[in-house]
Amino acid sequence: MPVNPSPRRVRVLVPLALPDPYDYALPDGMEAGPGAFVVVPLGAQRLIGVVWGEGEGELGFDPKRLKAVIEVMDAPPMSDVLRQFIDWMAQYTFNTRGQVLRLAMRAPAALEPQRLRVAYRLTDKRPQRMTPARERVVEHVGDGFLRTIREIADEAGVSDGVVRGLVEAGALSPVEMPADADFPAIEFEAHGQALSDEQQAAADILSARVTARKYAAVLLDGVTGSGKTEVYFEAVAEALRAGRQALILLPEIALTSQFLTRFEARFGVKPAEWHSELSTRERARVWRGIAEGRARVVVGARSALFLPFADLGLIVVDEEHEAAFKQDEGVNYHARDMAVVRASLGQFPIVLSSATPSLETVVNVEQGRYERVALTERHGVAEMPDISAIDMRSDPPERGQWLAPKLVAEITKAFAAGEQSMLFLNRRGYAPLTLCRTCGHRIECPQCSAWLVEHRFRKELVCHHCGYVAPVPKACPSCEAEDSLVACGPGVERIAEEVIARFPEARVAVLSSDALRGPQSHEDAFGAISAREIDIIIGTQIVAKGHHFPWLTVVGVVDADLGLENGDLRAAERTFQLLQQVAGRAGRGERRGRVYLQTYMPDHSVMRALMAGDRDAFLAREAEARERVKLPPFGRLAGVVVSSENAGLATSFARTMARGAPAADDVAVLGPAPAPLAMLRGRTRLRFLVKAGRNVNIQAYMEAWLGPMKVPGAVRVSVDIDPYSFL
Ligand code: ADP
Ligand code: ZN
């Protein structure tokens, strides 16, 4: 199509690593307002992009060379708020806008014309010849519901031919309808629990924030089992009452059928779900339902933050302290923090819920940026469990075993009383290290600087970083000694082996991300536990979160010191949170829970805080320690990883970068140093850590430093603002 000399122009952002939208001509007769999804040419490709605004200013080249928008998609335009959010997030996380846009375009099928199917309805015409089979069909379809030929035939118990005959005779007429099921209406008034006074007071505050239709950030701070979910469900109901939508963000791991069932118990129907396991088609259905406002509540993992809500009125971030909200690949972002930004741009409240809030959030409360609503009691008769330490130095397990006699005795008692026990060890597989007794060789991943983990059940050695898999060799790969390899240390499979040997009559379940594949097996496993078909549960962090098992009374933490080994700045905080969550699984019913921490450091501040139940004192000490050295949240950090398959190139380019780091007030660039995970998937990795004062614009610093850098093709430089992983 010829483009006239001064065409109407639009700026279109495409989901590629590009910082800015490009100008395109809008052919006569085509309308594409801000936010419209459009197809545009880019080089030899055709891409779907989003209209970011009108073209403005001088083009800088001959307008005749301006390419034209090819097509406008039939989909609701992306809202101003979502576009502002993408701009904001790109700037903050130091990514291009195109990369962030890509996160919001994860359901391309939703932009295609809606799939339709043909259904049939009864007309007034009747064929001259009626048979009993035809009579049955007429009777059946008489209720006015639309059905396909197949459905009519099945339900009326006749052949397809009978139905087709009626279509030909004009007794049934075709109607087109969407192929995908619509979202059922939510019964938000129907099934609320009677709340305790404390719960009601909390729910009232949250609901008032929803009604105010203004930004507010509220920490819902309640001990495990205090009914936080019931309380924030009331805020969700309030958003629905106001005709708006609500988003509940969960760490992926907590997205279980148990949660969905609870939601259904409260609201009469299941919510829309959004997570990585949805099929393409379901993704499209949900995306479209959200954009058109038909899907009213979404429960999702962090990527749900980028959904095109028609009228979002509330976000709840459950287990807000969870590290799983931080994405460490591609676009690095913290979904909790970005959710706060989205709430503020959209002018609605956000609820951060946790029994063990992050230090970041606690400091935000102390400094008045967030409001705090507390729940101090467990619901009903349940009391907080007793937590005690088992000193592994004075009360060690027998040789070759992992459970101390004291813990074994407690499990024995619980088992005899018909109660459940849970053993927690945050390590998948059988053993974290395989060692040769003859030469001392340790079996490592060929592509990563990490040991291979034995998975005895699968008879394999696995790299937990890159997924590399090898059979367990018969002979040592280094000295070739036969039968000389020994498994060192325990993973959950090894604990299971010990438990099965000690309690041959007990029904045992091992829960780790290896054992559970897909939501159905989650459902089965958690269902079996709830139904008391399991006596002893052995699990990784998958069992730590959210679950409510009223018959679980004894929790044993096999290695309470495990998380403290890695030296990162949140090691103590995270260990405290994780163990507190695990402990919170015990004693949620009528019987009091008992928690045992196997530790070599019973005097460590984390263990003492857990035993004393003194979270606030622990957090206060953590805050003090971090403030002293100006670490987050009292200072800013950015991580930079330089990597290449060519080790020499990675090192030399990292040095070049170090020389190019500009001097600035209150900014220190530490490194480069080999990353703790010095090799990953065959790439050599070096790290910088940028440490800056709280008031430094760290993004501007990164731009000044990295903007002018010419990064060689074989080198990757990835930036992580507010890093949580230092590997
Ligand atoms: P939290 O999220 O704070 O750990 P939950 O919301 O999971 O706590 O509540 C713990 C258990 O107590 C759940 O089984 C929940 O259904 C029940 N519960 C909480 N509040 C009430 C209430 N007001 N009425 C009935 N059951 C409640
Ligand atoms: Zn590997």
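Trainee: Why does Phe526 count as buried?

Mentor: This is a predicted model, and in it Phe526 has a relative accessibility of 3%. Buried means under 20%, so Phe526 makes the cut.

Trainee: And what makes Phe549 buried?

Mentor: Just the one number again: Phe549 comes out at 2% relative accessibility, so it counts as buried under the 20% limit.

Trainee: How many aromatic pairs does a search of the whole structure find?

Mentor: It turns up 14. One of them is Trp88 with Tyr92.

Trainee: Why is the pair of Trp88 and Tyr92 called stacked?

Mentor: Their ring centres are 5.1 Å apart, within the 6.5 Å needed to pair, and their planes meet at 10°, under the 30 degrees for stacking, so stacked it is. Both residues sit in helix H1 (residues 80–93), four residues apart, about one turn of the helix.

Trainee: Why is Trp88 called partly exposed?

Mentor: Trp88 has a relative accessible area of 33%. Partly exposed runs between 20% and 50%, so Trp88 lands there. Tyr92, at 17%, falls under 20% and so counts as buried.

Trainee: Back to the two Phe residues: what makes Phe526 and Phe549 a stacked pair?

Mentor: Their centres lie 6.1 Å apart, within 6.5 Å, and their planes are at 20°, under 30 degrees, so they're stacked too. This pair links distant parts of the chain, 23 residues apart: Phe526 is in helix H14 (residues 518–530), while Phe549 is in the loop between strand S25 (536–539) and strand S26 (552–557).

Trainee: How do you know that Arg456 lies over the face of Tyr430?

Mentor: Arg456 is 3.8 Å from the ring centre of Tyr430, and the distance limit is 6 Å.

Note on methods: Residues numbered from 1 in each chain as written. Chains lettered and ligands numbered in written order. Predicted model: local features only at pLDDT ≥ 70, side-chain atom pairs only at ≥ 80, totals over all residues. Heavy atoms only, no water. Phe/Tyr/Trp six-rings, centres within 6.5 Å; stacked < 30°, edge-to-face > 60°. Helix = DSSP H or I, 4+ residues; strand = E, 2+ residues; numbered from the N terminus. Buried < 20%, exposed > 50% of the residue type's maximum accessible area, 1.4 Å probe, protein only. Lys NZ or Arg CZ within 6 Å of the ring centre and 35° of its normal.
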